[in-house]
Amino acid sequence: MASETHSATSAGSATESPFTPEPYVVERRVVETADTVTMVLKPAGGRGVPAFLPGQFNMVYRFGVGEVPISISGDPNRPDELVHTVRSAGKISDALTKTLPGETLGVRGPYGVGWPLQRAEHQDVVIVAGGLGLPPLRPLLYELLAHRDRYERVEIIYGARSPKDLVHYEDVQKWRTRGDLRLQVTVDAAGREWYGDVGLVTARIPDARFDPPRTVAFLCGPEIMMRLTAQALSTLGVPEASIWLSMERNMKCAVGLCGHCQWGPAFVCRDGPVFRYADVKRMFSVREL
Amino acid sequence: MEELSVGAQRILERADFPRLLKALQSAGYRVVGPTVRDGAIVYGEVRAEQDLPIGWTDRQDAGKYRLERRTDQALFGYNVGPHSWKKFLFPSRERLWTATRTGTSFTVTPEKDDGPPMAFLGVRACELAGMDVSDRVFDGVVRDPGYHARRSRALRIAVQCGQAGGTCFCVSMRTGPGVRTGHDIALTEILTPRHYFLVDVGSPAGAAVLAHVPLKPAAKEDSEMAHSIVAQTAASMGRTLDTSGIHDLLLTQPEHPRWEVVARRCLSCTNCTMVCPTCFCSSTDEVPDLQGETVERWRHWDSCFNLEFTALHANSVRKSPLSRYRQWLTHKLASWQDQFGTSGCIGCGRCITWCPVGIDLTEEVAALRTAPTKAAAGGGAR
């Protein structure tokens, strides 16, 4: 892919097997929603956690069940722990969400290219997350807020199916009370208990404050949501080269050998998961590519 | 015996051919090559020359493969069968590691391939090119340890094709039929006026084996004979594929109506991907023992024609056979170039021969060039 990469971290040396998971102990388990948990992992045996870039992912393995790609959702400035937020969507991810503190999981990675946050310096930043698109963006937000003065206005739009499906709620509440960013939370449908916005994330864009030509946008969520959001931002004048999004595909190996994650010429595991909208816009509009 | 240098040519008499097998075996190689089984010439163990398809040839066309008797006793008088050397370098099933439960944790032991080195006997020029393509996949940015262990020790004894098959198009793909590079030893089987082999020394490893084989000096006429055999083969290709601008031709026409036409015939059976020497897609299985104490991670061939290949949550990205055929052909001929700097196709024709409904990629590409286009330059919004 033409997309510039952000120092993709390769796992292991040439002589090692790229397929071998390392054991990590589940230290804490936070129930996010009915089907989603966040797990805080510590490496077994006193090893360190490999450095990662916001937007990268790991292959997370449950003994006897299998492994799946999961984005890293923790703070890149906390090198002592590894945080993953997992939704039960299949046999393997379901088993991962049921792993209890004290139990061991396998991890290999980190893989892929991360969000190019440095491109947002001295620019307005728009972050749009849909559903479980927030966890892959959370490390970016931690990093951004750790150096808040480097960026101009920060707008976050976070959408979920219902109030019950909102994840990282503690963080969301913290961000809501900060004076140096604006956060809009919207849900597709809600009952009377919900006082917030109802509707798609794209409907919140007109209320966001940013100067389109001087804005960098980071999107993560269902493909349809990213496509419509990218179109809306582009229509407002955000350069297509300044819109970044994170793709999801079936993956078995995460190192470009199994072929599953191909999207046009790209291996999502290696050339992504983060792509520049300008580079992938055409592929985005082709059905079943 | 004399010291052989790389690039030297010699004569191996037909009667001395078993000496080559013996030299390979004595050098510790597991010799694998063509052998007749189940009505086809497939690659398997070659312990003696009787294991070779002596006097057999193959007749191939779209969706058709038949073994026939030759009028002579050629050892390599066929083209390519349903197998490729991929089955040895990237086995259809391979254990990647074994994990054992240790208290609340587990330890993982990666698989180590320490089998004997293999000698591939009868590698066609297109297949040498195929291994080069596979090297870029498995031994490039990321090294597949099993592939690397087998490939780096394998000896490649090429045989130049003395005839072209009905589905061959190596000339179009510039991969054959002449053996140019990548071989340890190259043979040209010469059948008339007498049966012998012209031997090209391709590498020091090849020379080391040949040092134990009785060889005779080659004359200019022998070399010319080999040239004319290859030239004749090149002139009788069963198929042609126009590769000019093929990258953009495929990548810019995802909505071309021809995809619908071919999708109506495609059974999504995966045959083309199984027989293709360069198709590399795989999946993994987690295989626990009954006690759940030990688990093995197995990798097996997968195919982009399988519906589950792109499974994402409850759905698949490529649900229609159209999208899957388009993925396969576009990847093979176009996006492969972006990924690995080479076409994924070597022109061996296997996918044409082994397609049960006879879909012919050379025909599909020709149709993509000439058929009217609904959406000429890709895109076509949903």
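The following exchange concerns the contact between chain B and chain A of a predicted model, together with several residues of chain B.

Author: In this predicted model, local features need pLDDT of at least 70 and side-chain atom pairs count only at pLDDT 80 or more, while totals for chains, interfaces and linings use all residues. Residues are numbered from 1 along each chain as its sequence is written, chains are lettered from A and ligands numbered from 1 in the order in which they are written, and side-chain values use heavy atoms, with hydrogens and water left out.

Reader: What makes a residue part of the contact of chain B and chain A, and how many residues does each chain give?

Author: Contact means heavy atoms within 4.5 Å. Chain B contributes 57 residues and chain A contributes 44 residues.

Reader: Why is the pair Glu67(A) and Arg297(B) called a salt bridge?

Author: A salt bridge requires a side-chain nitrogen of Lys or Arg within 4 Å of a carboxyl oxygen of Asp or Glu. The closest N and O atoms of Glu67(A) and Arg297(B) are 3.0 Å apart, so the pair satisfies the rule. Across this interface the rule finds one salt bridge.

Reader: Which helix gives the most to the side of chain B that touches chain A?

Author: With eight residues, α11(B) gives the most to that side. Helices are DSSP runs (H or I, at least four residues), and strands are runs of E of at least two, numbered from the N terminus.

Reader: Why does Cys168(B) form no disulfide with Cys170(B)?

Author: A disulfide is a pair of cysteine sulfur atoms within 2.5 Å. The closest cysteine sulfur to that of Cys168(B) belongs to Cys170(B) and is 6.1 Å away, therefore too far for a bond. Cys281(B) is likewise in no disulfide, the nearest cysteine sulfur, that of Cys304(B), being 5.7 Å away. A search of the whole structure finds zero disulfides over all chains.

Reader: Why is Cys168(B) called buried?

Author: Buried means under 20% relative accessible area, exposed over 50% and partly exposed in between (1.4 Å probe, protein chains only). Cys168(B) has a relative accessible area of 11%, so it is buried. Cys281(B), at 10%, also counts as buried.

Reader: How do you know that Val137(B) is buried, and which residues does Val137(B) touch?

Author: Val137(B), which lies in helix α3 of chain B, has a relative accessible area of 3% and is therefore buried. Not counting residues up to four places away in sequence, Val137(B) touches Leu257(A), Val142(B), Phe280(B), Trp336(B) and Phe340(B).
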